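Student: I would like to learn how to read a structure that I have not met before. Could we go through it together, one feature at a time?

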Amino acid sequence: MNEQIIILDFGSQYTQVIARRVRECNVYSTILSFDTPVAEIAALKPKGLILSGGPASVYAQSAPLPDPLLFELGIPVLAICYGLQIAAFFLGGKVEPGGRREFGKGTLRVKDAGCALFKNLPAELQVWNSHADKVTKLPKGFRSVAETENSRHAAIENRSKKQYGLQFHPEVAHTPRGKEIISNFVHTVCGCGKTWTMRHYVDQAVEEIRAQVGKERVILGLSGGVDSSVAAALIHKAIGSQLTCIFVNNGLLRAREADVVREVFGRHFKIKLQYEDATDLFLKKLVKVTDPERKRKAIGKTFIEVFESAAKRAGKARFLAQGTLYPDIIESVPIAGNPAAMIKSHHNVGGLPKNMKFELVEPLKRLFKDEVRQLGLELGLPKEIVYRQPFPGPGLAVRILGEVTPDRLRIVREADAIVVQEMKSSDWYYKIWQSFAVLLPVRSVGVMGDERTYDFTIAIRAVDSQDGMTADWVKLPYDLLERLSSRIINEVKGVNRVCLDISSKPPATIEWE
Ligand code: XMP
């Protein structure tokens, strides 16, 4: 078992960020619910515990409270924000409404440079605060080691018990040296080594996959996206020809996508690849379908049918592999205002065929997306796949408003290829979450040479996002936008106007349908 740090989640929007920061220090981390019994925690033998922040007040009736024996485990503790208030509340301190909510940037003044958390850090640090309550009386055995303008006890410690509390958030980017504070906690205080790397993980995962699968066969639905691609390469490394990948071409893919997948997985990795061209069937099911939900359902249902029949032809397999990631399985603490509640239901379309009886192989389910990318590189997948922007399951169909027809598909596909090319050559492609073209079946008048045209409009969508749940439109430079517009209008027959989508999510969504 890996050395690990356990993070108890009290409903903070930053819990997963804490877990990622710990892993960036090459230490494995696991998120558990705030009320996990101490016996369960102790059984996992963590080297340290981190208590997340959270929106509640410790005195609120429904305040999430941990097992009171948590602080008796003898395991080092780092309590962040609400976590600090929990520590104060349980250990004989006092928490009071702060009067003034401290929110945003602050300057931390370290009073005791001997505190292990601030090892090799300057006496003044920029930090990010977000709290209303504050600790007014220290818990027994604790000392204040740093302060901000607003709170005398911005960092506290019980050095002999290795228990620490921070009023600010070391995990967020607005605390620029926060990662070093976390590193000091996991390495200096908890004594963790740098044992969590994707190089080590490959060996560990290969062993686990072999132990789970034995001599049985595994099938995997390969979409060409990052997750299924990395899962395929990893499982193939573990069990070779016992893996069959099924790649369904639904006719709604980007230009060259099917070729890239066949090239990389079939020819380069020599993975058994069953290629199913179901273009005609999908397009038939989409005739006259204009409602976005009906479109998504039709595609999801057809995908399952095609996949099921392909899986039967692939021969009997006991296992189905999936590229499930860690954020998909973390049970988020259901606290009002938790952004997890905003995930669109449509993302489940195209999931596991329900009446197929398989056991699951999910070798990425302990990993965050950035780790999956690292793993992909470790396994020798090309950058083109590893750093691919997300692409929706229903493909270009949700980027054509109204009915999907072969000609509209050609238009949006050609426009998309230009967007991808220009974004890559200007290096913007890898800096942002997503960039693509949307076809608006609205005709407007234009002139081309001496001819009057009456053609469609393409909207350019470029957004930045952490996880797809919220997003900002990206301010692409004018010269890039100019190139996009003139190339699309000149090269894509049927388009005479290009617009830029300047809506953020919420209230808009990233995809138009
Ligand atoms: P929305 O449009 O909901 O999209 O703001 C958020 C993110 O999810 C992607 N997306 C999908 N991904 N199947 C997927 O695998 C889908 O049906 C689907 N719909 C949207 C979208 O591209 C964006 O990154």
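Student: Which elements cover the buried residues of α5?

Tutor: Please keep in mind that this is a predicted model. The cover over the buried residues of α5 includes β10 (218-222), α6 (226-239), β13 (319-321), β14 (359-361) and α11 (369-378).

Student: Which residues of α5 are the buried ones, and where do they fall when seen down the axis of the helix?

Tutor: The buried residues of α5 are Met-198, Tyr-201, Val-202, Ala-205, Val-206, Ile-209 and Val-213. Seen down the axis of α5, these buried residues fall within an arc of 135°, so they line one face of the helix. On the other side of α5, Glu-207 and Ala-211 are exposed.

Student: What span should helix α5 have, and how far apart are its end C-alpha atoms?

Tutor: The 16 residues of α5 (residues 198-213), at 1.5 Å a residue, should span 22 Å, and the end C-alpha atoms are 22 Å apart, which agrees. Just after α5 comes Gly-214, which takes a positive phi of about 60°.

Student: Let us turn to the cysteines. How many disulfides does a search of the whole structure find?

Tutor: The general idea is that a disulfide joins the sulfur atoms of two cysteines by a covalent bond. In this structure, a search of the whole model finds 0 disulfides. Take Cys-115 as a case: the closest cysteine sulfur, in Cys-190, lies 13 Å from the sulfur of Cys-115, and that is too far for a bond, given that a disulfide requires sulfur atoms within 2.5 Å.

Student: Is Cys-115 buried or exposed, and what is the relative accessible area of Cys-499?

Tutor: Cys-115 is buried, since its relative accessible area is 2%, where buried means under 20%. Cys-499 has a relative accessible area of 35% and is therefore partly exposed.

Student: How should I read a single residue such as Lys-295, and in which helix is its place?

Tutor: A careful reading begins with the element, then turns to burial and to contacts. Lys-295 has its place in helix α9 (residues 292-313), and with a relative accessible area of 0% Lys-295 is buried. Setting aside residues up to four places away in sequence, Lys-295 touches Leu-286, Val-289, Ala-397, Ile-400, Leu-401, Gly-402, Val-404 and Glu-513. Although Lys-295 and Glu-513 are 218 residues apart in sequence, their C-alpha atoms are 9.2 Å apart in space.

Student: What does such a reading give for His-131, and which residues is His-131 in contact with?

Tutor: His-131 is found in strand β6 (residues 124-137) and counts as buried at 5% relative accessibility. Leaving aside neighbours within four places in sequence, His-131 is in contact with Cys-81, Gln-85, Arg-101, Glu-102 and Gln-167. The C-alpha atoms of His-131 and His-169 are separated by 9.9 Å, while the two residues are 38 residues apart along the chain.

Student: Finally, how many helices and strands does the protein have, and what radius of gyration does it have?

Tutor: The secondary structure comes to 14 helices and 18 strands. For 513 residues, a compact globule would have a radius of gyration near 24 Å, and the protein has 26 Å, which agrees. The C-alpha trace spans about 80 × 60 × 40 Å along its principal axes, and 52% of the 513 residues count as buried. Among contacts between residues at least 6 apart in sequence, 76% join residues at least 24 apart. The protein exposes about 23,600 Å², of which carbon and sulfur atoms supply 52%.

Conventions
Residues numbered from 1 in each chain as written. Predicted model: local features only at pLDDT ≥ 70, side-chain atom pairs only at ≥ 80, totals over all residues. Heavy atoms only, no water. Helix = DSSP H or I, 4+ residues; strand = E, 2+ residues; numbered from the N terminus. Expected span 1.5 Å × (residues − 1). Buried < 20%, exposed > 50% of the residue type's maximum accessible area, 1.4 Å probe, protein only. Arc of directions from axis to C-beta. Contact = heavy atoms within 4.5 Å. Rg over C-alpha atoms; globule rule 2.2 N^0.38 Å. Areas by Shrake-Rupley, 256 points an atom, 1.4 Å probe, with all protein chains shown as cover.
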